[in-house]
Structure formats: structure tokens, C-alpha cells
Amino acid sequence: MGLTGYLPSQITSHTANAGADANPLNAVVTGYGDTFFLSACLTAAAVALSLLLRKPQQ
């Protein structure tokens, strides 16, 4: 649910920053790019943390 809320906020942000003459499709594409980048960063952090896991000792 977090990424589905992040995507429209990024699209709105890019639309507002682009001005009145900008192409709205560009704001959508940039918003999707930002969302994909965030999910890639979260995945990389999860992989890095998973490398710290150890097997339980008996």
C-alpha cells in the first residue's frame, strides 16, 4: 500500500513542478521511474540485511 500511495504523490509533484506547458505524460513516466527506484533501493537494503543472517547454532 505504500508504493501505491507514493506513485500518485510523485506524479502530482512532477506535474506541479513542470508548469502549465509541460507534457503530462512526462510527469507520469518520471513518477513511475521514481517509484521503481524506491522499490529497487528497498530491495537492495533487504538483500544487504539478509546477508547478515546466520544459521542458528545447535
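This report describes the fold of one protein chain and then looks at selected residues.

## Overall form

The model is a predicted one. The protein chain has two helices and zero strands. Helix α1 covers residues 2–18, and helix α2 covers residues 24–50.

The C-alpha atoms fill a box of roughly 65 × 15 × 15 Å, taken along the principal axes. The radius of gyration is 17 Å, whereas a compact globule of 58 residues would have one near 10 Å.

## Surface and burial

Of the 58 residues, 9% count as buried. The accessible surface of the chain comes to about 4900 Å². Carbon and sulfur atoms account for 66% of that surface.

## Helix α2

Helix α2 has 27 residues. At 1.5 Å a residue, α2 should span 39 Å. Its end C-alpha atoms are 39 Å apart, so the expected span and the model agree.

The N-terminal end of α2 is capped by Asn-23. A side-chain oxygen of Asn-23 lies 3.2 Å from the backbone nitrogen of Leu-25.

## Where the helices meet

The buried residues of α2 are Ala-27, Gly-31 and Thr-35. They pack against α1. An α-helix has 3.6 residues a turn, so residues three or four places apart point the same way. The positions 27, 31 and 35 can be read in that light.

Thr-35 is found in helix α2. Its relative accessible area is 11%; buried means under 20%, so Thr-35 counts as buried. Leaving aside its neighbours within four places in sequence, Thr-35 is in contact with Leu-3, Tyr-6 and Leu-7.

## Two residues of helix α1

Gln-10 lies in helix α1. Its relative accessible area is 16%, which is under 20%, so Gln-10 is buried too. Leaving aside neighbours within four places in sequence, Gln-10 is in contact with Gly-31 and Asp-34. Gly-31 is itself one of the buried residues of α2. From Gln-10 to Asp-21 there are 11 residues along the chain, and their C-alpha atoms are separated by 18 Å.

Gly-5 also lies in helix α1. Gly-5 is partly exposed, with a relative accessible area of 41%. That value falls between the 20% limit for buried and the 50% limit for exposed, so the label fits.

## The loop and sequence distance

Ala-22 sits in the loop between α1 and α2. Its relative accessible area is 31%. Because 31% lies between 20% and 50%, Ala-22 is partly exposed.

Two pairs show how sequence distance and distance in space compare. Gly-5 and Thr-35 are 30 residues apart along the chain, with their C-alpha atoms separated by 9.9 Å. Ala-22 and Leu-52 are also 30 residues apart in sequence, but they are 46 Å apart in space, C-alpha to C-alpha. Gly-5 belongs to α1, and Thr-35 belongs to α2. The buried residues of α2, Thr-35 among them, pack against α1.

How values were computed: Residues numbered from 1 in each chain as written. Predicted model: local features only at pLDDT ≥ 70, side-chain atom pairs only at ≥ 80, totals over all residues. Heavy atoms only, no water. Helix = DSSP H or I, 4+ residues; strand = E, 2+ residues; numbered from the N terminus. Buried < 20%, exposed > 50% of the residue type's maximum accessible area, 1.4 Å probe, protein only. Contact = heavy atoms within 4.5 Å. Rg over C-alpha atoms; globule rule 2.2 N^0.38 Å. Areas by Shrake-Rupley, 256 points an atom, 1.4 Å probe, with all protein chains shown as cover. Expected span 1.5 Å × (residues − 1). Polar contact = N/O pair within 3.5 Å; in protein donor to acceptor, adjacent residues only side chain to side chain.
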